[in-house]
Amino acid sequence: MTSVSDAPLDVAHHLALVGDPGAGAVATFIGQVRDHDPEASGTVARLEYEAHPDAGATLRAIAARVAGTHPVRVAVSHRVGDLSVGDLAVVVAVASAHRDLAFTVCREVIEAVKTDLPIWKRQVTTDGHGTWTGIGDVQPPANGGSTSAS
């Protein structure tokens with residue numbers, strides 16, 4: 001299961017999706033909006049995430065690529081739109097027979113999401129200043145970019 005959506009993320013839903021009687025381990029990664037960042041000019045008030053129209057397909061490909069080499073179940077979602085401090089931005093859940101594999105695959109998924117998923121974030125500080133960050137030299141869509149993909 002993969003999702004790029006503006007809907008709030010539900011950790012319990014992700015855990016249910018990877019549930020398997022043969023799984024002895026479930027590892028999760030939960031990325032949430034924090035009030036600070038070394039790249040921000042002040043206190044972070046919120047994040048704005050924008051997704052390329054292909055973000056949903058890219059996320060499915062990431063999950064399939066990583067899970068395809070291991071006997072695991074993976075659920076991963078990334079939220080887009082306006083998020084407040086404390087909101088969940090990313091959830092990854094991986095179930096496997098043993099903990100080492102669950103941790104390893106969970107890390108592989110989130111690292112691939114961070115480097116390969118075409119989603120950009122704009123950090124907005126309490127003084128209203130905003131800074132875009134994203135992948136490589138690719139810029140966010142200008143007026144007309146997608147904020148939701150499946």
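Arg 65 lies in helix H2, which covers residues 55-67. This is a predicted model. Arg 65 has a relative accessibility of 47%, so this residue counts as partly exposed. Its side chain reaches Asp 116 in a polar contact of 3.3 Å. From there the briefing moves to the salt bridges, helix H2, two loop residues and the chain as a whole.

**Arg 65 and its partners**

- Beyond its neighbours within four places in sequence, Arg 65 is in contact with Ala 112 and Asp 116.
- Ala 112 is 47 residues from Arg 65 in sequence. In space, the two C-alpha atoms are 9.9 Å apart.
- Asp 116 and Arg 65 form a salt bridge, with 3.3 Å between the closest N and O atoms.
- Asp 116 belongs to helix H3 (residues 99-116) and Arg 65 to helix H2, so the pair ties together parts that are 51 residues apart in sequence.
- Asp 116 counts as partly exposed because its relative accessibility is 35%, which falls between the cut-offs of 20% and 50%.

**Other salt bridges**

- How many salt bridges does the count come to? The count is seven.
- One of them joins the side chains of Arg 79 and Asp 87, at 3.8 Å from N to O.
- Is Arg 79 buried or exposed? Arg 79 counts as buried, at 11% relative accessibility.
- Its partner Asp 87 stands at 24% and counts as partly exposed.
- Glu 111 and Arg 107 also meet through their side chains in a salt bridge, 3.6 Å from N to O.
- Both of these residues sit in helix H3, four residues apart, so about one helical turn separates them.
- Glu 111 is partly exposed, with a relative accessible area of 41%.
- Arg 107 is exposed, and its relative accessible area is 57%.
- Arg 46, Glu 48, Asp 82 and Arg 122 are joined into one network by salt bridges that share partners.

**Helix H2**

- H2 has 13 residues, which should span 18 Å at 1.5 Å a residue. The C-alpha atoms at its ends are 18 Å apart, in agreement with that span.
- Which residues of H2 are buried? They are Ala 55, Gly 56, Leu 59, Ile 62, Ala 63, Val 66 and Ala 67.
- Seen down the helix axis, these buried residues fall within an arc of 120°, so they line one face of H2.
- What do the buried residues of H2 pack against? Their partners are strand S1 (2-5), strand S3 (44-51), strand S4 (73-79), helix H3 and strand S7 (119-125).

**Asp 37, in a loop**

- Asp 37 lies in the loop between strand S2 (25-32) and strand S3.
- Asp 37 counts as buried because its relative accessibility is 13%, which is under 20%.
- The side chain of Asp 37 makes a polar contact with the side chain of Arg 34, at 2.8 Å.
- Leaving aside neighbours within four places in sequence, Asp 37 is in contact with Val 44, Lys 121 and Gln 123.

**Pro 8, in another loop**

- Pro 8 is found in the loop between strand S1 and helix H1 (11-18).
- Is Pro 8 buried or exposed? Pro 8 counts as exposed, with 63% relative accessibility.
- Pro 8 and Ala 89 are 81 residues apart in sequence. Their C-alpha atoms are 8.4 Å apart in space.

**The chain as a whole**

- The chain has three helices and eight strands.
- In what order do the elements run from the N terminus? The order is β-α-β-β-α-β-β-β-α-β-β.
- The chain holds 150 residues, and 43% of them are buried.
- Take the contacts between residues at least 6 apart in sequence: 74% of these join residues at least 24 apart.
- About 7800 Å² of the chain is exposed. Carbon and sulfur atoms supply 50% of that area.

Terms used
Residues numbered from 1 in each chain as written. Predicted model: local features only at pLDDT ≥ 70, side-chain atom pairs only at ≥ 80, totals over all residues. Heavy atoms only, no water. Helix = DSSP H or I, 4+ residues; strand = E, 2+ residues; numbered from the N terminus. Buried < 20%, exposed > 50% of the residue type's maximum accessible area, 1.4 Å probe, protein only. Contact = heavy atoms within 4.5 Å. Polar contact = N/O pair within 3.5 Å; in protein donor to acceptor, adjacent residues only side chain to side chain. Salt bridge = Lys/Arg side-chain N within 4 Å of Asp/Glu carboxyl O. Areas by Shrake-Rupley, 256 points an atom, 1.4 Å probe, with all protein chains shown as cover. Expected span 1.5 Å × (residues − 1). Arc of directions from axis to C-beta.
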